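Welcome! Here are a few short exercises to work through with the structure open beside you. Try each task before reading its solution.

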Amino acid sequence: MSITVVATVPFPDQRPGTSGLRKKVAVFRTPHYLENFVQAIFNAVDLGGRTLVLGGDGRYLNPEALQTILKMAAANGVAKVLVGRDGILSTPAASHVIRKHRAEGGIILSASHNPGGVDGDFGVKYNISNGGPAPEKVTEAIYAKSRQITAYRILNGPDVALDRVARLTLGSMRIEVIDPVADYADLMESLFAFDRIAALFRSGFRMSFDAMHAVTGPYATEILERRLGASPGTVVHGVPLPDFGGGHPDPNLTYAHALVEAMAAPDGPDFGAACDGDGDRNMILGRNFFVTPSDSLALLAAHAHRVPGYREGLAGLARSMPTSQAVDRVARRLNIPCYETPTGWKFFGNLLDAGKITLCGEESFGTGSDHVREKDGLWAVLFWLNILAVEGRSVEAIVREHWASFGRNVYTRHDYEGLATPVAHQVLTHLHDSLAALPGRVLAGRRVNACDDFRYVDPVDHSVSAGQGIRILLEGDARIVYRLSGTGTEGATLRIYIEAFDAAPERHTLDAQASLADLIHAARALAALKEISGREEPTVVT
Ligand code: VG1
Ligand code: CO
């Protein structure tokens with residue numbers, strides 16, 4: 001088999017965002033576009049003679065892209081590729097496979113929670129040997145290479161059969177097609193009290209897990225229905241489809257509305273959960289009750305000592321900056337550190353590697369621990385099941401007890417999607433210009449204590465990440481945060497995060513929108529949102 005060196009020109013727009021390179025399928029189909037970026041990875045990271053992990057969430061373009069990447073890996077001297085059967089690997093499972101098999105890195109094909117299909121999104125993410133997303137110095141190196149590229153290397157060989165577990169070769173490169181679920185399911189079994197959870201299901205406890213026709217279907221079916229004995233039908237939308245059945249595989253109150261409705265039915269299940277396209281996000285629901293991701297993180301931390309994998313205690317906790325400060329309160333009670341990082345899982349990697357933290361999470365339905373280096377949707381669901389099995393009480397009762405003990409950080413995120421990029425930048429410029437005059441002023445009845453544009457200094461390698469979002473810190477632990485999304489593929493998305501602390505939540509409404517109404521109003525006014533963008537109401541509220 002011969003290697004072709006194909007001449008190409010750089011594409012200017014291949015800068016990885018919050019979580020890899022995400023673009024419309026049509027962009028990835030531009031001739032040489034995918035190949036360029038993949039060659040930029042090979043040029044930036046020395047994978048010659050090394051092992052690479054490869055897999056994706058099964059979305060449209062996955063099969064073709066997998067074959068291209070396999071042929072390029074062979075032409076670039078990669079020794080061995082571990083690839084999930086049918087090209088399937090959830091993001092957390094890929095992270096585990098990289099770690100377990102001591103691979104040099106992994107390429108994950110996914111655009112996570114973004115819609116799929118021919119008109120949807122596609123993505124390529126590079127993970128390093130710790131199993132986590134490449135840190136900024138690596139993504140910047142890849143980006144730099146993508147702008148200098150003149151040619152890529154590809155093997156002229158046949159497509160590889162990925163439909164069964166096998167050991168194959170392509171040129172001089174070895175390929176192992178692996179069961180995408182087995183290693184991951186074993187890892188989950190090592191962390192959680194499967195006997196207690198199985199007993200819970202035997203007692204008649206009912207659950208609905210919505211895989212949203214995305215990657216977690218096979219994982220959830222194996223773990224929940226086969227290993228834990230949940231009744232057949234517990235997993236819904238369990239078959240991964242290239243277009244996710246036309247849905248938006250984002251587990252939140254807007255896009256997982258079928259599950260939300262099922263949980264509101266009088267005879268509905270006791271527990272509901274959903275994961276996103278690539279299986280790293282989770283949504284947790286009780287009967288007619290939504291657990292915010294920020295509360296979920298805090299609650300898992302507070303209950304961790306009851307779960308076998310975390311019985312020894314927690315080294316520390318971390319949350320992304322916009323995530324609510326509920327977990328900070330748990331850290332204070334446990335007398336352990338709590339770190340505040342910029343948005344994106346890559347910032348947790350160093351803290352996890354250094355043993356400084358055990359659990360971490362983001363407000364965007366992401367929770368995880370040191371078991372892998374990605375957020376992990378099913379892991380969070382199993383953590384909750386373990387707590388429910390030990391507590392023997394409802395989701396709502398457990399959350400309310402947490403609030404009674406720690407107080408409640410009432411929280412919401414408002415997304416303004418599809419803004420024209422210059423308009424979104426104008427909003428941020430306007431905010432920047434207003435910052436200096438804010439401290440001491442009163443907003444929604446609360447004094448502004450401080451405000452800044454968040455700048456993170458990594459406690460481990462001291463690398464600096466600036467411009468990570470505007471924070472307005474108000475009296476009484478209230479906050480308003482603004483930042484632009486780094487994962488969207490259409491125009492710009494402005495996210496506004498609003499939080500207030502309620503020390504006596506039992507006396508107040510459960511409705512976060514109602515209790516935060518004055519802060520929401522102030523946040524919009526401060527950004528001059530209506531004047532600048534013509535928009536007042538967000539497109540998605542979580
Ligand atoms: C969003 C979330 C962020 C998350 C990222 C990747 O980024 O806000 O918390 O880490 O998606 O999640 P942004 O830049 O659009 O706000 V996923 O499930 O892609 O891997
Ligand atoms: Co995801």
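## Cysteines, a ligand and a metal

Cys451 counts as buried, because its relative accessible area is 19% and the cut-off for buried is under 20%. Keep in mind as you work that this model is predicted.

**Exercise 1.** Find out how many disulfides the structure has, and explain why Cys275 is not part of one.

*Solution.* Start with the search of the whole structure: it finds zero disulfides. Next, look at Cys275. Its closest cysteine sulfur belongs to Cys360. The two sulfur atoms are 16 Å apart, which is too far for a bond, because a disulfide needs the sulfur atoms within 2.5 Å. Finally, check the surroundings of Cys275: this residue is buried, with a relative accessible area of 0%.

**Exercise 2.** Locate ligand 1 and describe what kinds of residues surround it.

*Solution.* First, find the place: ligand 1 sits in the largest cavity. Second, count the neighbours: 20 residues surround the ligand, and the closest are Arg22, Ser112, Ser364, Thr487 and Arg495. Third, sort this shell by type: 10 residues are polar, 10 are charged and none is nonpolar.

**Exercise 3.** Work out how far polar side-chain atoms of Asp276, Asp280 and Arg281 lie from oxygen atoms of ligand 1.

*Solution.* Take the residues one by one.

- For Asp276, the distance from a polar side-chain atom to a ligand oxygen is 3.1 Å.
- For Asp280, the corresponding distance is 3.0 Å.
- For Arg281, a side-chain N or O atom is 2.7 Å from an oxygen of the ligand.

Then ask about burial: Asp276 is buried at 0% relative accessible area, and Asp280 is buried at 3%.

**Exercise 4.** Which protein atoms are donors of the cobalt ion (ligand 2), and how are their residues spaced in sequence?

*Solution.* Begin with the donors: Ser112 gives its OG atom, while Asp276, Asp278 and Asp280 each give an OD atom. These donors lie 2.0 to 2.1 Å from the cobalt ion. Now follow the donor residues along the chain: their spacing reads S-x163-D-x1-D-x1-D. To link this with the earlier tasks, note that Ser112 is also among the residues closest to ligand 1.

Methods:
Residues are numbered from 1 along each chain as its sequence is written. Chains are lettered from A and ligands numbered from 1 in the order in which they are written. This is a predicted model: local features need pLDDT of at least 70, side-chain atom pairs count only at pLDDT 80 or more; totals for chains, interfaces and linings use all residues. Side-chain values use heavy atoms; hydrogens and water are left out. Buried means under 20% relative accessible area, exposed over 50%, partly exposed in between (1.4 Å probe, protein chains only). A residue is near a molecule or strand if one of its heavy atoms lies within 4 Å of it. A polar contact is a pair of N or O atoms within 3.5 Å; within protein, one must be able to donate a hydrogen and the other to accept it, and residues adjacent in sequence count only if both atoms are side-chain atoms. On a 1 Å grid over the protein atoms alone, a cavity is a set of points where a 1.4 Å probe fits but cannot get out, and a pocket is an open set with protein on both sides within 12 Å along at least five of seven lines; lining residues have an atom within 4 Å of a point. A molecule sits in a cavity or pocket if more than half of its atoms lie within 2 Å of its grid points. Ala, Val, Leu, Ile, Met, Phe, Trp, Tyr, Cys and Pro count as nonpolar, Asp, Glu, Lys and Arg as charged, and the others, Gly among them, as polar. Donors are N, O and S atoms within 2.8 Å of the metal (3.2 Å for Na, K and Ca); water is not among the atoms, so sites may look incomplete.
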